[in-house]
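Work through the exercises below with the sequence and the structure open beside you. Try each task before reading its solution.

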Amino acid sequence: MGVNDGVVEVPASDPTSTMSQEKEYDCMDCGACCRCFPIFATEDDVVLEPQIKEKGIRVENFLRTDRVAYRMHPLPFLDACAFLKEDKLCRIYETRPEVCRKFEPGSDQCIEARQRLGIG
Ligand code: SF4
Ligand code: SF4
C-alpha cells in the first residue's frame, strides 16, 4: 500500500488465448487502498511507529485483538488513513503497519479499491 509499484500478470480477456497481458498498478499516483478500507494497526506496529498512537484512534478494549488495536482511518473526521498525504503517498512508508506491508498491488482488494475510486 502506498508507494510500491506492482506489475502482475492478469489473464487475457479471451480465455482460449494462451497469451497474457501485463497490467501495471502504479501506487505512486493512487493510494486507493488507503482511502477505501478500514485499516487497523497492532500494538507491535505502534512500537515500530509511535505516531500511530497519536494519529490513529485507539480501539475500545472490548473490540481489541492481536490484530486490531488502532484505527488508522479515523472516520467520520477523515476519509482516508491519517498518514496518507495529499500527494497520495504514505507519510510513514518505512514504518507503516504490517497489514500495509502485506497489501499487494494487483491483488483483488487493490483492484477493488481502484475501481471504487474510479482509477481502474
Ligand atoms: S490500491 Fe493498489 S495500486 Fe493503489 S496504492 Fe493500493 S496497492 Fe497500490
Ligand atoms: S499507513 Fe500508509 S500505507 Fe498504510 S493505510 Fe496509511 S497511508 Fe496507506
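The exercises that follow concern a predicted model.

**Exercise 1. Secondary structure**

Task: State how many helices and strands the chain has, and in which order they occur.

Solution. Step 1: Count the elements; the chain has five helices and five strands. Step 2: Read them off from the N terminus, which gives β-β-α-β-α-α-β-β-α-α.

**Exercise 2. Confidence**

Task: Find where the confidence of the model is lowest and where it is highest.

Solution. Step 1: Begin with the whole chain, whose mean pLDDT is 83, with 78% of the residues at 70 or more. Step 2: Go through the elements; strand E1 (residues 5-11) has the lowest confidence, with a mean of 44, while helix H2 (residues 43-48) has the highest, at 98. Step 3: Look at residues 7-21, where pLDDT stays under 50 and the model has 15 contacts beyond four places in sequence. Step 4: Apply the general rule that predicted coordinates should not be read in detail where pLDDT is low.

**Exercise 3. The sheet**

Task: Work out the strand order of the three-stranded open sheet and name its edge strands.

Solution. Step 1: Recall that strands of a sheet pair through backbone hydrogen bonds, either parallel or antiparallel. Step 2: Follow the pairings; the order is E3-E5-E4, and the pairing is antiparallel. Step 3: Pick out the strands that pair on one side only, which are E3 and strand E4 (57-58). Step 4: Check the pairing of E4 with E5, which is antiparallel and runs over two bridges. For Ile57, the bridge partner in E5 is Arg71.

**Exercise 4. Tyr70 and the core**

Task: Decide whether Tyr70 is buried or exposed, and describe its surroundings.

Solution. Step 1: Locate Tyr70 in strand E5. Step 2: Count its C-beta neighbours inside 10 Å; there are 23, and 20 or more are needed, so Tyr70 is buried. Step 3: List its contacts beyond four places in sequence, among them Phe40, Ala41, Val46, Ile52 and Ile57. Step 4: Compare sequence with space: Ile39 is 31 residues from Tyr70 along the chain, and their C-alpha atoms are separated by 8.4 Å. Step 5: Turn to the largest nonpolar core, which has 22 residues; Tyr70, Phe40 and Cys33 are among those with the most contacts inside it. Helix H1 (33-36), strand E3 (40-41) and H5 each supply at least two residues of this core. Step 6: Add the contacts of Phe40, which include Arg67, Tyr70, Met72 and Val99.

**Exercise 5. An unusual backbone angle**

Task: Explain what is notable about the phi of Lys88, and say where the residue lies.

Solution. Step 1: Start from the general rule that most residues other than glycine have a negative phi. Step 2: Lys88 is not a glycine, yet its phi is positive, at about 70 degrees. Step 3: Place Lys88 in the loop between strand E5 (70-71) and helix H4 (98-102). Step 4: Lys88 counts as partly exposed because it has 17 C-beta neighbours inside 10 Å.

**Exercise 6. The ligand**

Task: Describe the residues around ligand 1.

Solution. Step 1: There are 13 residues around ligand 1, and Cys27, Cys30, Ala32, Cys33 and Cys110 come nearest. Step 2: Sort the shell by type, which gives ten nonpolar residues, two polar and one charged. Step 3: Ask which element supplies the largest share; helix H5 (residues 108-116) does, with three residues.

Definitions and conventions:
Residues are numbered from 1 along each chain as its sequence is written. Chains are lettered from A and ligands numbered from 1 in the order in which they are written. This is a predicted model: local features need pLDDT of at least 70, side-chain atom pairs count only at pLDDT 80 or more; totals for chains, interfaces and linings use all residues. Helices (H or I, at least four residues) and strands (E, at least two) are DSSP runs, numbered from the N terminus. A residue is near a molecule or strand if its C-beta atom, placed from the backbone, lies within 6 Å of it. Ala, Val, Leu, Ile, Met, Phe, Trp, Tyr, Cys and Pro count as nonpolar, Asp, Glu, Lys and Arg as charged, and the others, Gly among them, as polar. A residue is buried if 20 or more other C-beta atoms lie within 10 Å of its own, exposed if 12 or fewer, and partly exposed in between; C-beta atoms are placed from the backbone. A nonpolar core is a set of buried Ala, Val, Leu, Ile, Met, Phe, Trp, Tyr and Cys residues joined through C-beta atoms within 7 Å. Two residues are in contact if their C-beta atoms, placed from the backbone, lie within 7 Å. Two strands pair if DSSP finds at least two bridges between them. pLDDT is the predictor's confidence in each residue, from 0 to 100.
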